[in-house]
Structure formats: structure tokens, C-alpha cells
Amino acid sequence: MAQREHRGVLSGLKVVEFAHVLSAPMAGTLLADLGADVIHVESPNAGDSSREIGPEKDGVFLWWKVMARNKRAITLDLRRPDGQQVARELVDWADVVITNMRVRTLERWGLDWPTLHARKPRLVYLSVTGDGLGTSDENAPGFGKVGEARSGVVSVTGFPDGPPVHTGFSHADTVTGLMGAFGIAAACFKLKDPGFEGELIDIALFEALFRLVDWQVIVHDQLGVVPRRAGNQLAVAPGLVVNTYPTRDGRWITVTSGTPKSVVNVIRLLGLDVEEYMGPRARPDAREDLDAHLRAWLAQRDTGEALEAMRQAEVVAEKVFDMADIIDSKLYKERDDIITIEDPELGPVRMAGVVPKLHVNPGHVWRTGPGHGQDNDEVFAEVLGMGQDRIATLRSNGVI
């Protein structure tokens with residue numbers, strides 16, 4: 001069994017999760033990566049449904065190993081009064097509560113913000129919901145893809161003549177988790193203040209992505225423009241060249257220009273006249289023509305050859321990485337962005353390292369996602385100080 005190590009800048013922060021699947025638990029995982037002691041609470045029967053999501057190897061589901069890493073896992077039947085009492089004891093221990101359960105359910109179990117805030121006024125509480133607290137449909141179930149659709153991101157992703165496109169991962173869920181962890185860290189800055197009166201962090205599943213596409217509202221407000229899909233270019237582009245291009249050997253390269261100098265470098269690489277594409281005498285179709293020239297130039301060259309020529313010309317470009325490229329990447333190795341950790345079922349497994357990197361108090365991965373109820377005895381005895389008789393009673397009654 002992996003030795004428990006809550007090591008990092010958040011060491012000493014105590015978190016309990018009444019949450020499942022991805023959005024809110026992602027916030028807990030990010031905190032745990034930086035040293036927080038995170039206890040993940042699941043039903044004694046089915047457990048968190050994310051235990052059985054995604055690809056598997058020999059009956060072992062892989063995604064859980066990453067999404068629940070660095071946490072302690074306990075089982076607790078929150079539908080029963082005995083389970084709700086234990087949950088309140090966990091709240092008394094914790095600095096932070098994380099939840100993404102439905103609002104009326106939390107109210108029924110006495111785990112909603114008003115109830116817990118009255119019980120523990122200095123509590124930091126993260127609520128992730130589909131629509132946000134206080135809205136007309138605050139109790140509605142929420143899923144990440146609906147949040148993505150509401151955010152405005154999907155409407156500007158894809159090609160002009162094609163459908164809107166979701167990204168190839170759980171975009172809204174993970175970004176919501178990231179924003180939730182940021183909100184928790186910001187609130188916990190006040191924990192040292194004797195007058196701190198707790199904090200409710202209220203995030204709807206569409207809001208984190210909406211905030212990151214920060215030009216949408218002001219562009220529409222001031223110009224009356226509804227941003228549209230622009231393929232691999234950007235609806236609000238910083239330069240003449242932003243696109244992806246196929247090479248002769250069947251790979252794809254991204255080329256981007258964010259400054260006038262970088263555009264000049266592309267034009268000179270292609271042997272074209274700078275004045276024809278920039279300045280007062282620029283041709284009206286400068287962007288489209290330059291894009292066509294660059295596409296033709298890359299189609300005549302293999303990936304390595306093209307990238308080397310672009311580096312020499314100080315053109316900012318890179319091949320579009322797939323997972324094999326990432327595993328082999330010198331840059332990823334230099335950054336220690338892929339780590340190897342021992343798993344009790346799979347043996348050594350590789351996964352993403354801790355991000356962000358803190359150099360004075362670095363984060364650490366000490367375990368993969370734990371087994372269902374793996375830490376029951378440890379948490380109930382050490383954290384809550386329960387005697388073995390009470391633990392045995394809870395277990396025999398099916399509460400844990």
C-alpha cells in the first residue's frame with residue numbers, strides 16, 4: 001500500500017468531498033496534488049459512477065486511477081440518518097466541503113450551504129451545479145457538454161461550413177474543477193483572518209469556459225457581432241497566420257503569428273513581398289493568399305524538414321502532438337510532465353504530473369485512485385476518533 005504523503009503547499013488543508021463523477025472531484029484532485037488531505041465520500045453500494053467510466057484493462061478502469069489520485073476513499077450511506085451524522089462529523093473536521101449533488105438532495109440530507117455554514121461558520125464550501133444556485137432551475141441535473149454548449153465555446157469551434165464541435169475531452173467539467181480549486185484557494189487565503197466568516201463558492205457548469213472566452217461579450221456589445229466558427233483560425237485573430245497545415249509525410253503543423261514581426265518572418269520564409277501583405281498597399285485578400293502559399297509550401301516538405309526551416313526563420317510552429325509524440329517529447333521529459341507511479345492492480349503506470357509546478361513546496365503524487373471504501377477504517381478511527389465497536393456497528397448496519 002502506498003504511504004500517505006500530503007506533501008505540498010496545501011499540506012494541512014482538510015477537504016471532504018460529497019461529490020461524484022468529474023467537475024467537483026477534479027477540484028479536489030488538484031488540491032490533493034498540492035498536498036491537501038482530501039476524503040472522497042461514496043455510496044457503500046455502487047460507489048462513484050466514474051469508477052467504471054472509460055477504457056479498461058483486464059477489468060480495471062483506467063480513468064479512475066488518475067481522476068481520484070491522492071485522495072482517501074470512504075463509503076457512507078448519506079440517505080440514512082446515521083450516515084448523515086457521520087457526514088456532519090466529517091464537516092466538523094474539514095476546512096473545505098466540495099459538492100456537486102443536486103440542491104434539494106443536499107437540503108434533505110442537511111449538507112447544503114446554509115445548514116453547514118450555521119454549523120461551522122468558517123467553512124469554505126464549493127457548490128458545482130448545472131445552472132447555479134438561486135436560478136429558476138437550480139435543482140436541475142447538470143452535465144459538462146450542456147455547460148460547454150451554453151458557454152459560447154462550442155459555437156465558435158469548428159469550420160464555417162460545418163457543425164459546432166465539442167473538444168475531445170470533458171472540457172467544461174475539467175475547467176470547472178480548475179476554477180473551483182482556484183476559488184477554494186482564494187477563499188482559504190482568508191482562513192488566517194480571525195474574522196473570516198466562511199465562503200460559498202458557487203459555480204455553474206457553463207461559467208468557467210464562458211469566463212475564459214473573455215472577448216465574446218464586449219465584441220458583441222460594442223460591435224453587434226456574433227462570433228462565428230473560423231476553423232483552425234480564430235474568430236478574433238491576433239495575426240495574419242493562425243491555422244493548421246498538412247505536411248508531405250501526412251502530419252499536421254500549427255503555425256501562428258501573434259505579432260507583426262512574426263508575420264514578416266512567415267512572409268520572408270515563403271519568399272514573398274512583405275509590402276504585398278502588410279501595410280497600406282497590402283492586397284485585400286492578404287490573409288487568404290498567405291494561408292494558401294503556406295499550405296502549398298508545407299505540402300511539399302516533410303514535417304522535420306519544415307519545422308527546422310521554420311525554426312531557422314523564427315516562425316512559430318509545431319507539429320500537432322498526438323499521445324505518441326507527447327510520450328517521446330524531449331520537452332515533456334525535461335518538464336517531468338509524465339510521471340510513473342505504482343498501482344496495486346496494474347503495477348507501474350504513467351500519468352500526467354502535478355501542474356502547476358511549485359518549486360519551494362512542490363506537489364506530489366503518492367497514490368493512484370483508491371479502492372472503493374479502501375480508507376474506511378483509517379478515516380473513521382484516525383480522523384473522527386471512532387472506536388472499533390462503532391465502526392463495526394456502522395458496517396454491520398450497511399451505513400459504511
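Which residue of β7 does T99 stand opposite? In this predicted model, the residue of β7 that stands opposite T99 is S127, and the sections below place that pair within its sheet before turning to the cores and the helices.

## Overall architecture

The protein chain of this predicted model contains 17 helices and 13 strands, and its C-alpha atoms fill a box of roughly 85 × 50 × 40 Å when taken along the principal axes. Of the 400 residues in the protein chain, 46% are buried. Where contacts between residues at least 6 apart in sequence are considered, 68% of them join residues that are at least 24 apart.

## The parallel sheet

An open sheet is built from six strands in the order β5-β2-β1-β6-β7-β8, and the pairing is parallel. The edges are occupied by β5 (71-75) and β8 (199-204), each of which has a single partner strand, so one side of each is left without a neighbour in the sheet. From one strand to the next, the twist averages 20 degrees. Helix α7 (residues 171-188) packs on this sheet, where it touches β6, β7 and β8, and its direction makes about 165 degrees with that of β8.

Strand β6 (residues 96-99) is covered on both faces, with V96 and I98 buried on one side and V97 and T99 buried on the other. Strand β1 (residues 14-18) pairs with β6 in the parallel sense over four bridges, and in this pairing V15 stands opposite V96. Four bridges also join β6 to strand β7 (residues 124-129), again running parallel; I98 stands opposite L126 of β7, just as T99 stands opposite S127.

## Nonpolar cores

The largest nonpolar core has 31 residues, and the members that touch the most others are F18, L76 and L90. At least two residues of this core are supplied by each of β1, β2 (37-42), α3 (81-93), α4 (103-109), α5 (113-119), α16 (376-383) and α17 (388-396), with α3 giving the most, at five residues. When residues up to four places away in sequence are not counted, F18 touches V41, L78, A87, V91, V97, I98, T99, N100, M101 and L111, a list that includes V97, I98 and T99, which are buried residues of β6.

Apart from this core lies another, of 30 residues, which has A27, L126, C188 and F196 among its members. L126 is also the β7 residue that stands opposite I98 of β6. In soluble globular proteins, nonpolar side chains tend to be buried together.

## Helix α10 and the pair α12 and α13

Is helix α10 (residues 260-269) largely enclosed or left open, and why? Seven of its 10 residues are buried, so α10 is largely enclosed by the rest of the structure. The buried residues are S262, V263, V264, N265, V266, I267 and L269, and what covers them includes α11 (274-277), α12 and α13. Just after α10, G271 takes a positive phi of about 75 degrees.

Two of the helices that cover α10 also pack on each other: the axes of α12 (residues 286-299) and α13 (residues 303-312) come within 9 Å and cross at roughly 130 degrees. That angle makes α12 oblique to α13, because it falls neither under 35 degrees, nor from 65 to 115, nor over 145. L294, W297 and L298 of α12 make the contact with A306, A309 and M310 of α13, and the residues of this contact divide into six nonpolar, no polar and no charged.

## The antiparallel strands around β10

Strand β10 (residues 252-256) has two unlike faces, a covered one formed by I253 and V255 and an uncovered one formed by W252, T254 and T256. Five bridges join strand β9 (residues 242-246) to β10, and the two run antiparallel, with V242 standing opposite T256. These strands form a hairpin with five residues between them, and G250 in the turn has a positive phi of about 90 degrees.

Strand β10 is also joined to strand β11 (residues 317-319), through three bridges and in the antiparallel sense. The bridge partner of I253 in β11 is K319, and I253 belongs to the covered face of β10.

Terms used:
Residues are numbered from 1 along each chain as its sequence is written. This is a predicted model: local features need pLDDT of at least 70, side-chain atom pairs count only at pLDDT 80 or more; totals for chains, interfaces and linings use all residues. Side-chain values use heavy atoms; hydrogens and water are left out. Buried means under 20% relative accessible area, exposed over 50%, partly exposed in between (1.4 Å probe, protein chains only). Two strands pair if DSSP finds at least two bridges between them. Axes are lines fitted to C-alpha atoms, for helices over the stretch in contact, and angles run from 0 to 180 degrees between N-to-C directions. Contact means heavy atoms within 4.5 Å. Ala, Val, Leu, Ile, Met, Phe, Trp, Tyr, Cys and Pro count as nonpolar, Asp, Glu, Lys and Arg as charged, and the others, Gly among them, as polar. A nonpolar core is a set of buried Ala, Val, Leu, Ile, Met, Phe, Trp, Tyr and Cys residues joined through side-chain atoms within 4.5 Å.
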